[in-house]
Each structure stands twice: as structure tokens, then as C-alpha cells.
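Visitor: I would like a close look at one part of this protein, the positive surface patch. Could you walk me through it and then set it in its surroundings?

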Amino acid sequence: MLVNKAYQFRIYPTKEQESLIAKTIGCSRFVFNHFLGRWNDAYQETGKGLTYHSCSAALTKLKKEFVWLKEVDSVALQSSLKNLADSYTRFFKKQNKTPRFKSKKNKVQSYTTKETNNNIAIVDSKIKLPKLGLVRFAKSREVEGRILHATVRRNPSGKYFVAILAETEVQPLEKTESSIGIDLGIADFAILSDGRKMDNNKFTSNMEKKRKREQRKLSRRALHAKKNGINLLDAKNYQKQKRKVARLHERVMNQRADFLNKLSTEIIKNHDIICIEDLNTKGMLRNHKLAKAISDVSWSAFVSKLEYKAKWYGKTIVKISRWFPSSQICSDCGHQDGKKSLEIREWTCPICHEHHDRDVNASKNILAEGLRTLVLA
């Protein structure tokens with residue numbers, strides 16, 4: 001099966017390459033904003049937008065007016081236009097809101113370029129990128145398949161990364177004849193129907209004390225710069241502290257991503273059928289008492305990883321209704337015992353007298369309902 005697979009690597013550009021990356025990001029942003037303004041004007045006047053091809057033709061004329069646009073990768077500028085056209089296509093289909101102007105103050109700055117004539121390639125311990133040439137990078141694994149495009153990104157922490165998208169062949173994993181039900185929680189991240197509980201590592205809350213301390217330092221330095229009439233972009237101490245805070249956020253993000261990837265891969269490898277609740281995460285985030293904890297556990301990201309890995313490796317994901325009373329039913333006799341407050345973590349069935357761990361029981365019910373749904377489908 002051919003799939004598009006992303007490979008991310010940290011890159012270590014030279015000062016000259018850093019300067020060119022900054023120029024390319026800036027030019028891509030300028031092109032996007034310039035044509036977004038034109039697109040908005042056309043939409044207000046006619047009720048219709050422009051087209052990618054008309055903007056692409058106008059870009060050639062724009063390069064004559066702004067000669068510095070010729071200094072950067074031309075494909076990156078075209079990709080910026082394509083992103084704008086795709087955004088408007090989704091807007092007209094009512095899939096998202098109108099595209100917004102890009103700001104140089106955005107946390108993540110990036111540009112995308114396509115592979116043509118082997119202009120993106122791995123050469124020993126370096127990666128070849130258009131205009132940049134050979135860039136030193138941390139080669140953590142081999143890139144398999146045909147490279148489609150690359151996205152160069154500068155994080156708020158000051159680190160540079162490249163994401164390579166390649167078309168590669170993946171083979172289905174061997175069948176294990178095993179099924180599993182998963183109940184997602186907060187105290188424990190995932191409770192499996194075989195009785196295992198996956199610890200919620202609380203990556204954000206564990207870093208909370210240090211993050212708050214560094215954030216307070218950042219606020220003080222911002223006030224100090226403003227009192228002295230210094231622009232925050234020129235305030236060296238502020239920018240240094242800003243990168244430090246960004247590194248803390250990045251560390252939490254990396255820890256969480258690593259945990260989710262390892263757990264989802266382990267589940268996909270060892271089970272053919274994975275049954276899981278179709279949770280309304282957005283709705284649950286409206287509960288201000290639980291919103292922070294729910295955001296920290298990243299249920300949506302975990303489910304997304306399970307879904308695409310299952311598709312790649314020939315496994316089956318079964319989503320059961322979010323209204324299914326998994327916590328109310330006895331997994332042994334099927335008796336429905338009614339709603340229970342969150343404080344109740346264990347209960348005994350009044351009919352068969354089986355003592356249940358609330359979450360393990362729920363995961364067993366999710367498995368049973370998922371298998372029932374699969375048979376009826």
C-alpha cells in the first residue's frame with residue numbers, strides 16, 4: 001500500500017543559510033498576504049474569488065516590481081499561493097473560515113518547497129534543499145520512498161527543522177487474532193479491556209511550576225523594555241527569555257508526542273481490532289474544571305494516530321457512540337446500574353455481585369459493543 005509518510009529532522013543551518021531561510025519565510029508570507037488582499041477585494045466586488053492560475057501569472061509580474069522576490073526559492077512562493085487557493089476552496093465549501101493574513105509574530109514560521117529534478121535529497125550526513133544547498137542535519141532514520149516535498153520550519157525556541165513528505169510502500173502487519181477495548185481517562189490516560197492502565201504522565205502539569213517561573217521573568221523583561229522605550233524585537237534579554245520559555249513548551253510537546261506515538265504503535269502491533277469511544281472532545285473542553293487536564297492528555301491526537309496507523313497496517317478501528325453507557329453496565333451480566341458520579345471508582349453489581357473497577361469495566365463494555373457493532377455492519 002502506497003502512503004504519504006512524514007519524516008522530521010532537526011537541521012543545523014549556517015548563518016548564511018539561516019539568513020536565506022528567514023528571507024524565504026518572509027517572501028512567502030508577503031506573497032500570501034499580497035494575494036489574499038487581492039482575493040478579498042475581488043470577493044467583495046464580485047462575490048467570487050480569484051484562481052490559482054491567475055495569481056500565479058500575476059506573481060511573475062510582481063517579481064519584476066519587487067526584485068528581492070527572485071532571491072528565494074520560486075517553488076516556495078508558488079506553494080504559498082497554492083495554500084491560499086486551497087484555503088479559499090475550503091472556505092467556499094464551508095469547511096473553514098476565511099483565510100487570515102499571516103504575521104511575522106506567529107510562533108511557527110515555515111515555508112514549503114517541492115521536489116523537482118532531485119533538488120531535495122539525503123547526501124550522507126547532510127540534506128540537500130533548494131537554494132540552501134547542503135544543510136547539516138540529525139539523521140535519526142532513513143527516508144524511504146519517493147520524496148514529494150519538504151517544509152522548513154523555524155520554531156519559537158530558535159531551532160530549525162525540516163519535514164520531508166515521501167511516498168512510501170507499507171506492508172500490513174501480521175494478524176494477531178486479538179481485540180482490545182480502550183477507555184480514555186484523565187487519572188489514567190488509557191484503560192485497556194485486558195486490565196492494563198496506561199499512566200497519564202501529566203507532561204504539562206509536571207512542568208507547570210518551572211514554566212510559570214520563567215513566564216514571570218519574561219513578563220518582567222517585557223515591562224522593563226517598555227519602560228525604557230525599547231521595541232520587544234530589539235530587546236535582547238526579552239528575546240533570550242522568550243526562547244527559553246519556548247523551549248519548555250517544546251519539551252512538553254515532544255514528550256507528549258513520543259508517548260502517544262509509542263503507545264499507539266504498541267496497540268496497533270498487538271491487536272487486529274481496536275474499539276474506542278467517539279468522544280466529543282471540543283464539547284468536553286467547555287467544562288472549565290476539566291479543560292486543562294483534557295488538553296494535557298491529548299485524546300484527539302492519540303485517536304488520530306491510531307486511525308492512520310490502522311489504515312496503514314491493515315488493522316480495524318471501531319468507534320462506538322459517545323452516548324453508549326459504558327460505565328453503567330455490568331460487563332459480566334449486562335445489568336445496567338444507572339449513572340454514577342465521577343467520585344465512584346469501584347462498584348459492585350447488585351445482580352451478579354461482581355466487583356468492578358469503573359474504568360476497566362467500561363473498557364470491557366466498549367470492546368463488547370465494538371465487536372457487536374462490527375458484526376452488524
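Guide: Happy to, and charge is a good place to begin: the protein carries 73 positive and 39 negative side chains, with the centres of the two sets 11 Å apart. Please keep in mind that this is a predicted model.

Now to the patch itself. Its members are Lys 209, Lys 210, Arg 213, Arg 216, Arg 220, Arg 221, Lys 240, Arg 243, Arg 247 and Arg 251, which together form a positive area on the surface. Two elements each supply two or more of these residues, namely α4 (203-227) and α5 (236-270). Helix α4 gives the most, with six residues. One of the patch members, Lys 209, is found in α4. Lys 209 counts as exposed because its relative accessible area is 69%, over the 50% cut-off.

For contrast, take a positive residue in another helix. Arg 29 lies in α1, which covers residues 15-46. With a relative accessible area of 18%, Arg 29 falls under the 20% limit and is therefore buried. Leaving aside residues up to four places away in sequence, Arg 29 touches Lys 102, Ser 103, Lys 104 and Gln 109. Arg 29 is also 7.5 Å from Ser 80, C-alpha to C-alpha, although 51 residues separate the two in sequence.

Stepping back, here is the protein as a whole. It has nine helices and 14 strands, and its C-alpha trace spans about 80 × 55 × 55 Å along the principal axes. Of its 377 residues, 40% count as buried. Among contacts with a separation of 6 or more, 67% are between residues 24 or more positions apart. The accessible surface comes to about 21,900 Å², and carbon and sulfur atoms account for 51% of that.

Two acidic residues are worth a look for their backbone angles. Most residues other than glycine have a negative phi. Asp 124, however, has a positive phi of about 55°, and it sits in the loop between β3 (121-123) and β4 (126-129). Asp 124 is exposed, with a relative accessible area of 65%. Glu 177 likewise has a positive phi of about 55° without being a glycine. Its loop runs between β7 (160-169) and β8 (179-184), and Glu 177 is exposed at a relative accessible area of 73%.

How values were computed:
Residues are numbered from 1 along each chain as its sequence is written. This is a predicted model: local features need pLDDT of at least 70, side-chain atom pairs count only at pLDDT 80 or more; totals for chains, interfaces and linings use all residues. Side-chain values use heavy atoms; hydrogens and water are left out. Patches are made of residues with over 30% relative accessible area and no salt bridge: like charges are joined within 9 Å, nonpolar side chains (Val, Leu, Ile, Met, Phe, Trp, Tyr) within 5 Å. Accessible areas come from the Shrake-Rupley method with a 1.4 Å probe; for residues, only the protein chains shown count as cover. A salt bridge is a side-chain nitrogen of Lys or Arg within 4 Å of a carboxyl oxygen of Asp or Glu. Lys and Arg count as positive and Asp and Glu as negative; His and the chain ends are not counted. The place of a charge is taken as NZ of Lys, CZ of Arg, CG of Asp or CD of Glu. Helices (H or I, at least four residues) and strands (E, at least two) are DSSP runs, numbered from the N terminus. Buried means under 20% relative accessible area, exposed over 50%, partly exposed in between (1.4 Å probe, protein chains only). Contact means heavy atoms within 4.5 Å.
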